[in-house]
Amino acid sequence: MNIGIIGAGRIAVKMAHTLNKMSSATAYAIASRSLEKAEAFAKEHHVIKAYGSYEQMVSDPDVHLVYVATPHSHHFDQVKLALEHGKPVLCEKAFTLNATQAKALIEISHKKNVLLAEAIWPKYLPIRTMLDEVIDSGIIGEVTSVTANLGFYLLDKERVTNPLLAGGALLDLGVYAINFALMAIKSDIKNIESSATFLDTGVDAQNSAIVTFEDDKVALLHSTQLAYTDKRGMLFGSKGYLELVDVTNPQSIKVFDKNYQLVKELARPEQITGFEYQVQACIDAINAGEIECKAHPHSEILRVMNIMDEMRRQWGMHYPMECN
Ligand SMILES: NC(=O)c1ccc[n+]([C@@H]2O[C@H](COP(=O)([O-])OP(=O)(O)OC[C@H]3O[C@@H](n4cnc5c(N)ncnc54)[C@H](OP(=O)(O)O)[C@@H]3O)[C@@H](O)[C@H]2O)c1
């Protein structure tokens, strides 16, 4: 299947590298606002075609799946452009600015009957199924609480600091902690208590949330763009607990008993970069005529966006594009 990438930036490089090693997908096209940049990217990263306009690329009948790899601020317009050209889309996280935008895109995907997926890669990894199996085995008993964090020093990355690019720790990093918690706790949310500190630009520098679910399970979540964190996701249960490092691409699952002894360790299977699983999930869904990926359906995209909307509402943080 031919993949076309929108945005010749950092994460596009990782995707091109992944596609070059996949047998079921081809790094077919790269689109940039600058043809020169697209051509240089295509040459360096072995992509067949280069486009100096996103619209030209989504008009190419040989593009079978569009990967949107631009800042969050631009996801809505670019996903819409691709869907309206009848192209299936895999869009980088955070999916959109807010749930309203996400809903609108999901409606277009239904209307056009084309696949729409979010590139939140841990949801598609084999270790996620392994995690489900460990939880279902009952080895740590009933899971009652979860903690997850993700942090890097990112003040040199405009994409994360600039409100006009929908920056902030939450949309960039917190989205992984939220997805981790929702993998383990499936019940509806009862309450969210959240707070944040802010950069001078107005986006969140650090944030924390306590999410309480209808079955009284609790998730404690933290993300920061000021510091490196241990990137851990922990599940606590009545018979023990388990640890995953890191929540973006877990290396292993470590299971501990009530005496804090390591009783089981499952390693991550060999991978290209880990991005191949989300691409393969899209290919499989397209081949099956589906418009969402089972591993991360539209309902889950909205569930996550709704949590992030509520957290930002509590902080009074709006993006300039939301204020019109
Ligand atoms: N899955 C992961 O592990 C992971 C890691 C990092 C980032 N991400 C996600 O990937 C996406 C892109 O991140 P990135 O680090 O690759 O971003 P980036 O390198 O800063 O930018 C990617 C592309 O977006 C376009 N762009 C950048 N700034 C723009 C602006 N001011 N106005 C309009 N377009 C602009 C450019 O496309 P042109 O080529 O057209 O100029 C640029 O090449 C984000 O959604 C981010 O959250 C995912």
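These legends describe close-up views of a predicted model.

**View 1. The buried side of helix H1.** Helix H1 runs over residues 10-20, and its buried residues are Ala12, Met15, Ala16, Thr18 and Leu19. These residues lie on the same side of H1, because the arc they cover around the axis is only 160 degrees. In an α-helix there are 3.6 residues a turn, so residues three or four places apart point the same way. The cover over the buried residues of H1 includes three helices and strands from the N-terminal part of the numbering, among them strand E1 (2-6), strand E2 (26-31) and helix H2 (35-45). Strand E4 (65-68), strand E5 (89-92) and helix H9 (276-287) also belong to this cover.**View 2. The surroundings of the ligand.** There are 23 residues around the ligand, and Ser32, Arg33, Lys37, Tyr54 and Lys93 come nearest. A polar backbone atom of Gly9 is 3.1 Å from an oxygen atom of the ligand. In the side chain of Trp121, an N or O atom is 3.4 Å from an oxygen atom of the ligand. A nitrogen atom of the ligand has a polar side-chain atom of Tyr176 at 3.2 Å. The ligand taken alone exposes 900 Å², of which the protein buries 84%.

**View 3. Helix H4 and the residue after it.** Helix H4 covers residues 72-84. Its 13 residues should span 18 Å at 1.5 Å a residue, and the end C-alpha atoms are 19 Å apart, which agrees. The buried residues of H4 are His72, Ser73, His75, Phe76, Gln78, Val79, Ala82 and Leu83. Gly86, just after H4, has a positive phi of about 75 degrees.

**View 4. Asp204 in strand E9.** Asp204 is part of strand E9, residues 204-213. Asp204 counts as buried because its relative accessibility is 0%. Leaving out residues up to four places away in sequence, Asp204 touches several residues, including Gly167, Gly168, Ala169, Thr197, Phe198, Trp315 and Met317. Leu170 is also touched by Asp204, and the backbone nitrogen of Leu170 lies 2.8 Å from a polar atom of the Asp204 side chain. Pro163 is 41 residues from Asp204 in sequence, while their C-alpha atoms are 9.4 Å apart.

**View 5. Thr96 in the loop between E5 and H5.** Thr96 sits in the loop that links E5 and helix H5 (99-112). With a relative accessible area of 0%, Thr96 is buried. A polar atom of the Thr96 side chain lies 3.4 Å from the backbone nitrogen of Ala102. Not counting residues up to four places away in sequence, Thr96 touches Gln101, Ala102, Leu105, Leu171 and Met305.

**View 6. Two cis peptide bonds.** Most peptide bonds are trans. The bond from Lys93 to Ala94 is cis, with omega near -20 degrees, and Ala94 is in the loop between E5 and H5. Val245 and Asp246 are also joined by a cis peptide bond, with omega about 0 degrees. Asp246 is in the loop between strand E12 (240-245) and strand E13 (252-257).

**View 7. Positive phi at His46 and Lys231.** Most residues other than glycine have a negative phi. His46 is not a glycine, yet its phi is positive, about 60 degrees. The loop between H2 and strand E3 (49-51) holds His46, which is exposed at a relative accessible area of 57%. Lys231, also not a glycine, has a positive phi of about 60 degrees. Lys231 is in the loop between strand E10 (218-224) and strand E11 (232-237). At a relative accessible area of 23%, Lys231 is partly exposed.

Technical notes: Residues are numbered from 1 along each chain as its sequence is written. This is a predicted model: local features need pLDDT of at least 70, side-chain atom pairs count only at pLDDT 80 or more; totals for chains, interfaces and linings use all residues. Side-chain values use heavy atoms; hydrogens and water are left out. Buried means under 20% relative accessible area, exposed over 50%, partly exposed in between (1.4 Å probe, protein chains only). Helices (H or I, at least four residues) and strands (E, at least two) are DSSP runs, numbered from the N terminus. The arc is that of the directions from the helix axis to the C-beta atoms. Contact means heavy atoms within 4.5 Å. A residue is near a molecule or strand if one of its heavy atoms lies within 4 Å of it. A polar contact is a pair of N or O atoms within 3.5 Å; within protein, one must be able to donate a hydrogen and the other to accept it, and residues adjacent in sequence count only if both atoms are side-chain atoms. Accessible areas come from the Shrake-Rupley method with a 1.4 Å probe; for residues, only the protein chains shown count as cover. The expected span of a helix is 1.5 Å times one less than its number of residues.
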